[in-house]
Amino acid sequence: MYNCSVLHVLLIVIFILSGWLKGNLQISKHQQHKNHSTKASHGSLLRVKRGWIWSQILVEEEDPTVRKIGQLKSDYDTGDFTIKYILSGEGAGELFIIDEYTGDIQVIKPLDREKKDFYILQAQAINRRSKQPTEPESEFIIKVLDINDNAPEFINEPYMSSIPEMCPTGTTVIQVTATDADDPKFGNNAKLIYSILQGEPYFSVEPKTGIIVTSLPDMDREARDMYLVVVQVKDMLGLTGGYSATTTVTISLTDVNDNGPMFQHNLYTFSISESAPVGTTVGRIKAEDGDIGVNAKMKYSLDDMESNTFTIQTDPNTQEGIILLAQLLDYESKKRFIITVEAINENVDTRFLNVLEFRDRTTLKINVKNVDEPPIFSEMLYRWNILENTPIGTEVGTIYSRDMDTNNPIRYSISQSSDRRKMFRINPSNGTVYVAEPLDRETAAWHNLTITAREIKDGQLFSTVSVLIKVLDVNDNVPTLLKDYQLYVCEDMQAGEIVGLISATDIDNPVDGHNFYFSMIPDKHINPNFTIRDNQDNTAVILARRSTFSRHDRMQYHLPVVIRDNGSPILSSTTTLTIIVCKCQPAGHCPSVDVKAQALSLDVSILTVLGISVCIIALIVLSTIILALKKYKMLCTKKQAMQELETEEFSEKVMSLAIPDTDSCQNVSLRPNQRRREYRLHREDVTASIRMSLCHSHLVGPEDEVFQQFMLDRLAEADEDPHVPPFDTLKTYTFEGTGSVMDSLSSLESATFDPFVSHGNFLRLSPWQGEVEDETFF
């Protein structure tokens, strides 16, 4: 701050001296002008034209005080205020003002050089009386002087870099860059200096460029793999009173192959059962390596003597050595194996170690355990192929296994859980698998069977193996359309235009892929409306064969399409497409809204017709029932009237035609008595009841209890009524029913036989034989 104040004082002194010199120069010029004018007035009438030139005015930024920064002065200004000074240009009136009488220029607001470092203004002097300029317009510059009011800033943050470990001193790591908004041409305000606050003695930075370099040799990644370096930047060349900023640089060390593998033990011991199958993992070993990545990759090897029984592989994730069984073991043949293992780095860098330091050795001891093994299969997984639709009983393959101990016989079976549909069967003695049910690839393309081999003598020992059976495809499915196509043809469609595009699918899976062929049904008549063009790419287009379709003539068409595949044998199918006629739009196609409206209107019309038809049928049936009921009622009324009339006539006729027996009936009187009239009234009621019963007799059968009770009541009435004709010989009943269990209802066979009434003459009663055969009167 002290240096800044001194600089400011020096600048002010320079400015004052420049103003003083300029004023003296103006005075001198003014005096010379006077002398020259005097001489010219005495010697010549010509006047020399004078132009006023303004040099730039310097103003310090960020000063909030209102202050005078310069003055405009015309040679013709005599101090009587007849000259008016005018200021125009950048910032005039807002940042800079002028006293129109004295020409003093003042700055009224603080300036920021970082926003604008100079202003161009125009000055003019005008005579107040004549309104004419006394001096030509002159242009001058106000330059803003810089002060250190901005701190430096780092760019392109964050900074991250990496270098290989063990690199030499002076290795370039990264360059950091900072900027300062102050004027780099004025003083030291923007002169930057870099330094390290944290990270020494491992790293250093060049003060002027910001380049970070290593300052300590042989940095080991295995000891420390990351460093955080804090870099500081200062302006004013690092002098007191300047501004500063810091940034953090993350520096990581990358690995180099400067470490070799090393086993932690000299001897590793493992055990394995003699019944272990080939490929069984015996154990894992690892040689430690301090490096990472590709520098830590290694491969393991076994000595040649035992390499046929065991193998070793490297786990790519953990770099462990995996010992695997390569051959079947036999405890009776060999009980122990001693093997030497060597670990070697894949990538060797002789800059740091010699070749021998990139390898290490150890010893393996593998003991074989004696066990009673279950049967061993010849393969760990069986894979078979078979064609679909293969006849039942076809052999698929054979499972082989044996008992390693005593060669006991083995029995084979298929696990029910793996073959629930029982598609296969196996010969329990030799392990041959046969087809038991028809195979369909489209239903199941793979069958995963689990087959068990069990020792017969010792049922506890068994082994299982998986059998994958792939069902190969046979062309046994016809091709079909890819979807349910709904095609539309507009009324104005022309011949040859495309109605729609169709495609096909087939659930078969041929090796060479599907090839479908589309055609019309072979017929001696050619379809006059549409045709099919095969595109030879499993698609076809439907084309119109004629122009101008009409919905009034026909709403839809049905087009049969024949689809053939390329299988062996070739299969085909016929599908009928429905093509609906719709109203054309200006674009020439059928809009979906119109098609939906047509379909909706068609559905509504069909429903309307069906509803109306149902209503009409219901009205017809109802009318028929009402007419039938009326006719039946009228018929019943007519029958009742005729029966009553004929009954009365019949009674009178019987009374008038009765001829009594002279031996036994001389004193019989034929006049009606009171008891007969009462019974006649009762008889009429019974007759009406019987008549009503006859009207409903078609609903009651002879086996019905009501009918039987009715007949018993009528028999009782006939037995107790000796006074009303017809008498026993003439007693007739209209209907007794077919298959009736009752005997004759005639009173001739009843117990209450009255010889007085029934013994005598037999009368022929003609009224009982009416003109209508189906009518019966009582």
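Which residues make a nonpolar surface patch of about 370 Å²? They are Ile617, Val621, Ile625 and Leu629. Keep that patch in mind; I will come back to one of its members.

A word on what we are looking at. This is a predicted model. The chain has 778 residues, and 34% of them are buried. Five helices and 42 strands make up its list of elements. The chain exposes about 47300 Å². Carbon and sulfur atoms supply 55% of that area. Now contacts. Take those between residues at least 6 apart in sequence: 68% of them join residues at least 24 apart.

Back to the patch. Ile617 sits in helix H2, which covers residues 592–657. Is Ile617 buried or exposed? Its relative accessibility is 52%, so it counts as exposed, the cut-off for exposed being over 50%.

Next, the sheets. I have picked two.

Start with the sheet ordered E35-E37-E40-E39. It is open, it has four strands, and the pairing is antiparallel. Which strands stand at its edges? E35 and E39, the latter spanning 530–534. Each has a single partner strand, so one side of each is left without a neighbour in the sheet.

Let's walk across it. E35 is residues 480–481, and it pairs with E37, residues 498–505, over two bridges. Thr480 stands opposite Thr505 in E37. Leu481 has Ala504 as its bridge partner in E37.

One step on, E37 meets E40, residues 539–544. Five bridges join these two, and they run antiparallel. Here Ser503 stands opposite Thr539 in E40.

Last step: E40 to E39. This antiparallel pair also has its count of bridges, which is five. Phe530 stands opposite Ala544 in E40. How many residues lie between E39 and E40 in their hairpin? Four. In that turn, Gln536 has a positive phi of about 60°.

Stay on E39 for its side chains. In a regular strand, side chains alternate between the two faces of the sheet. E39 shows such alternation. Phe530, Ile532 and Asp534 point to one face, and they are buried. Thr531 and Arg533 point to the other face, and they are not buried. Note Asp534 in the buried set.

Now the second sheet. Its order is E9-E16-E15-E12. This one is open too, with four strands, but the pairing is mixed. The edges are E9, at 159–164, and E12, at 193–198. Each edge strand has a single partner, so one side of each lacks a neighbour in the sheet. Neighbouring strands here are turned by 30° against each other on average, direction ignored.

One pair from this sheet. E12 and E15, residues 226–234, pair in the antiparallel sense. How many bridges do they share? Five. Ile193 stands opposite Lys234 in E15.

To recap. We have a nonpolar patch that includes Ile617, a residue placed in H2. We have an antiparallel open sheet, E35-E37-E40-E39. We have a mixed open sheet, E9-E16-E15-E12. And on E39 we have Phe530 buried on one face, with Thr531 pointing to the other. When you open the structure, start at the hairpin of E39 and E40, then follow the strand order back to E35.

Note on methods. Residues are numbered from 1 along each chain as its sequence is written. This is a predicted model: local features need pLDDT of at least 70, side-chain atom pairs count only at pLDDT 80 or more; totals for chains, interfaces and linings use all residues. Side-chain values use heavy atoms; hydrogens and water are left out. Two strands pair if DSSP finds at least two bridges between them. Patches are made of residues with over 30% relative accessible area and no salt bridge: like charges are joined within 9 Å, nonpolar side chains (Val, Leu, Ile, Met, Phe, Trp, Tyr) within 5 Å. Accessible areas come from the Shrake-Rupley method with a 1.4 Å probe; for residues, only the protein chains shown count as cover. A salt bridge is a side-chain nitrogen of Lys or Arg within 4 Å of a carboxyl oxygen of Asp or Glu. Buried means under 20% relative accessible area, exposed over 50%, partly exposed in between (1.4 Å probe, protein chains only). Contact means heavy atoms within 4.5 Å. Axes are lines fitted to C-alpha atoms, for helices over the stretch in contact, and angles run from 0 to 180 degrees between N-to-C directions.
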